[in-house]
Amino acid sequence: MAEVRAKARRESVFAERFAVFAECLLTGVWIAVASLGVVTYPAAFAAGARHLRRRTTHQGGGWREFARDFRTAARGGWAVGLAGWGAAALVWVDVQAVRAGLPGGPLAGAMGLFALLGAAVAGMRAAAVWAPDATWRTLLAAAGRRTVLDPAGSFLLVGGTVLVACSALFIAPLAVPALGAVAAAAVAVEERYRQR
């Protein structure tokens, strides 16, 4: 009889999946707010991904756990964020070389954009598996290898990032919750890679 009652209280598959989707949207808002520090976006993404991992494994967690993870991830994550902005500035210089018509500019611009895209994917993959006892250097090195060895997962993350960018162009507020969907995609890509 107790087993029957336990089954009756269990959420339907639709309700459970919708709850995960809603949690992704909320997590996107948390990530956006935590990223307002400009160099804190890797730590915010890592805390969001860890929150979603807890949610999908039916562990407790909420805003307080997210904030605690964010503070821990920001200790080394700010340097990663600063390096990301530095890489973006270098690519901007490459794009300016293309616009100026310098010899070799188109090749340099294309290589720069490709490298920035690869670095962004590696950063998302590293943040998706972040844990409080991990170092960003180790996470990024391993994520770089996974980015190359798992092109399907990497292209999924590129697509998610493009979706967020397009959302920001058309309806700017929609990009904020979409960040949570990208974090969920990064978690799913890493879980898929781990189970291979």
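This report covers a nonpolar core, one of its helices, a buried histidine and two loop residues.

The model is predicted.

**The core**

The largest nonpolar core holds 35 residues. Phe45, Trp136 and Leu157 touch the most other members. Seven helices each give two or more residues to this core: α2, α3, α4, α5 (105-128), α6 (136-149), α7 (151-170) and α8 (172-194). The top contributor is α8, with seven residues.

**Helix α7 and Leu157**

Helix α7 has 20 residues. At 1.5 Å a residue it should span 28 Å, and its end C-alpha atoms are 28 Å apart, so the two values agree.

Which residues of α7 are buried? They are Gly153, Ser154, Leu157, Val158, Gly160, Val164 and Ser167. The cover over the buried residues of α7 includes α5, α6 and α8.

Leu157 is on that buried list. Neighbours within four places in sequence aside, Leu157 contacts Val121, Met124, Arg125, Val182, Ala185, Ala186 and Val189.

**His51**

Now to a polar side chain. His51 sits in helix α3, which runs over residues 41-56. Is His51 buried or exposed? Its relative accessible area is 2%, under the 20% limit, so His51 is buried.

What does the side chain of His51 meet? It makes a polar contact of 2.6 Å with the side chain of Glu23. Glu23 also appears among the contacts of His51 beyond four places in sequence. The others on that list are Thr27, Trp30, Gly61 and Gly62.

**Two loop residues with positive phi**

Val38 and His58 deserve a look at the backbone. Val38 is not a glycine, yet its phi is positive, at about 65 degrees. His58 is not a glycine either, and its phi is positive at about 60 degrees. Val38 lies in the loop between α2 (13-34) and α3. His58 lies in the loop between α3 and α4 (63-100).

Their accessibility classes follow from the cut-offs. Val38 has 48% relative accessibility, between 20% and 50%, so it counts as partly exposed. His58 has 58%, over 50%, so it counts as exposed.

| Residue | Phi | Loop | Relative accessibility |
|---|---|---|---|
| Val38 | about 65 degrees | between α2 and α3 | 48%, partly exposed |
| His58 | about 60 degrees | between α3 and α4 | 58%, exposed |

**In brief**

Leu157 is one of the core members that touch the most others. His51 is buried and joined to Glu23 by a side-chain polar contact. Val38 has a positive phi in the loop before α3, and His58 has one in the loop after α3.

Notes:
Residues numbered from 1 in each chain as written. Predicted model: local features only at pLDDT ≥ 70, side-chain atom pairs only at ≥ 80, totals over all residues. Heavy atoms only, no water. Helix = DSSP H or I, 4+ residues; strand = E, 2+ residues; numbered from the N terminus. Buried < 20%, exposed > 50% of the residue type's maximum accessible area, 1.4 Å probe, protein only. Polar contact = N/O pair within 3.5 Å; in protein donor to acceptor, adjacent residues only side chain to side chain. Contact = heavy atoms within 4.5 Å. Core = buried A, V, L, I, M, F, W, Y, C linked by side-chain atoms within 4.5 Å. Expected span 1.5 Å × (residues − 1).
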